[in-house]
Amino acid sequence: MSEFLQFFFSGITVGAVYALVALGFIIIYNSSGVVNFAQGEFVMLGGMSTVFIHALGAPLFAAALAAILITAAVGVALNKLAIEPARGASVVALIIITIGASIFLRGVAQIVFDKKIHRFPSFSGDAPFEIGGATILPQSLWIIGGALAVFFALYLFFTRTLTGKAVLATANNKLAARLVGINTNFVMTLSFALSAAIGALAGVLVTPVTLTSYDVGIALALKGFAAAILGGMGSPFGALVGGLLVGLIEAMTAGYISSEYKEAVAFLVILVVLFVMPHGIFGRTKLDRV
């Protein structure tokens, strides 16, 4: 039982990170129809920026906040400089643009930062808690709690605020949203800023556990995208469930089979699920884009 709990704790920790990355994908996809494959670089920028700002003498939490704001600004710049000018382009062209942005951001990170692996101190120390014979790090609780807090905050934002409802209206029908006076360009900019900030937060939370470097975004983007597809592209709740499922599949495969197969088995299970439910677990059967 203790062995299972250990794998479970590991799975939900990394799964919470995948869920945040998946949420970033879904926020942008819902508002613009764009699949942003630069989402993983937002996670990298959050972690790397925190490392170097903290190294300059800033308190850790101030460095983390600055890193999130910087990454949000990068998200806005991506929208303004790359996505908006390509309005009306095909889906394939937009995907290629975001892949190009991902490569560009990795290159810039190598120049601005370096190619080394980095970490910064855990928020609450490294002494693990013991539960049922298994252990869990305090930072893991920060990761899980942070992910749940983000999902709850976004739920309140989308259901209790006019701006959040404007985002939902734009996601449902962009033309109709324009006709009732919603500034859809602002909504898209806000969506990119939110997505980038959430990615940066994921990077801040996970770096003390998994470390960070300029190229960590590639794998995180793939896992986050897989989680979004598994949960249902377009469903924020699906992002949470999909992320946790991908994390648990990986952890159980690594623990009970072999760590060599965890990547392949996770994607294999996802493919099997999608053959049965092509729109994901919570995805809608039809998405109308205008």
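Trainee: Which helices and strands each supply at least two residues of the lining of the largest pocket?

Mentor: In this predicted model, seven helices and a strand can be named: α1 (2-32), α2 (39-55), α5 (138-160), α8 (184-210), α9 (217-231), α10 (236-256) and α11 (262-276), along with β2 (134-136). Helix α1 gives the most, with 7 residues.

Trainee: What makes a residue part of that lining?

Mentor: A lining residue has an atom within 4 Å of a point of the pocket. By that rule 33 residues line the largest pocket, and Val14, Tyr18, Val206, Thr210 and Lys262 lie nearest its centre. The space in this pocket comes to about 650 Å³.

Trainee: How do the lining residues divide into nonpolar, polar and charged?

Mentor: The lining has 18 nonpolar, 11 polar and 4 charged residues. Gly counts as polar in this scheme.

Trainee: Why is the pair of Phe61 and Phe123 called tilted?

Mentor: Their ring centres are 5.1 Å apart and their planes differ by 40 degrees. Centres within 6.5 Å make a pair, and an angle that is neither under 30 nor over 60 degrees is called tilted, so both conditions are met.

Trainee: What does the pair of Phe61 and Phe123 tie together?

Mentor: Phe61 is in helix α3 (residues 60-83), while Phe123 is in the loop between α4 (91-112) and β1 (129-131), so the contact joins parts 62 residues apart in sequence.

Trainee: How do you know whether Phe123 is buried or exposed?

Mentor: Its relative accessible area is 16%. The cut-off for buried is under 20%, so Phe123 counts as buried.

Trainee: What makes the pair of Phe123 and Trp142 edge-to-face?

Mentor: Here the centres are again given as 5.1 Å apart, but the planes stand at 90 degrees. Since an angle over 60 degrees counts as edge-to-face, the name follows. Trp142 belongs to helix α5, so this pair ties the loop between α4 and β1 to a part 19 residues away in sequence. Trp142 is partly exposed, at 36% relative accessible area. Phe61, Phe120, Phe123 and Trp142 form one aromatic cluster, and the structure holds 13 aromatic pairs.

Trainee: Why is the contact of Glu41 with Arg106 called a salt bridge?

Mentor: The N to O distance between these side chains is 3.3 Å. The rule asks for a Lys or Arg side-chain nitrogen within 4 Å of a carboxyl oxygen of Asp or Glu, so the contact qualifies. Side chains of opposite charge can pair when their charged atoms come close. Glu41 lies in helix α2 and Arg106 in helix α4, so parts 65 residues apart in sequence are tied together. Glu41 and Arg106 are buried.

Trainee: How many salt bridges are there by this rule?

Mentor: The count is 4. One of them is Lys223 with Glu250, at 2.4 Å from N to O. This pair links helix α9 to helix α10, across 27 residues, and both Lys223 and Glu250 are buried.

Trainee: What is the distance in the salt bridge of Asp126 and Arg119?

Mentor: It is 4.0 Å from N to O, against a limit of 4 Å. The bridge is therefore counted, at the cut-off.

Trainee: How do you know whether Asp126 is buried or partly exposed?

Mentor: Its relative accessible area is 48%. Partly exposed lies between under 20% and over 50%, so the term applies. Arg119, at 37%, is partly exposed too.

Notes: Residues are numbered from 1 along each chain as its sequence is written. This is a predicted model: local features need pLDDT of at least 70, side-chain atom pairs count only at pLDDT 80 or more; totals for chains, interfaces and linings use all residues. Side-chain values use heavy atoms; hydrogens and water are left out. On a 1 Å grid over the protein atoms alone, a cavity is a set of points where a 1.4 Å probe fits but cannot get out, and a pocket is an open set with protein on both sides within 12 Å along at least five of seven lines; lining residues have an atom within 4 Å of a point. Grid points are joined across faces, edges and corners, and a volume is the space filled by probe spheres set on the points. Helices (H or I, at least four residues) and strands (E, at least two) are DSSP runs, numbered from the N terminus. Rings of Phe, Tyr and Trp (its six-membered ring) pair if their centres lie within 6.5 Å; planes under 30 degrees apart count as stacked, over 60 as edge-to-face and the rest as tilted. Buried means under 20% relative accessible area, exposed over 50%, partly exposed in between (1.4 Å probe, protein chains only).
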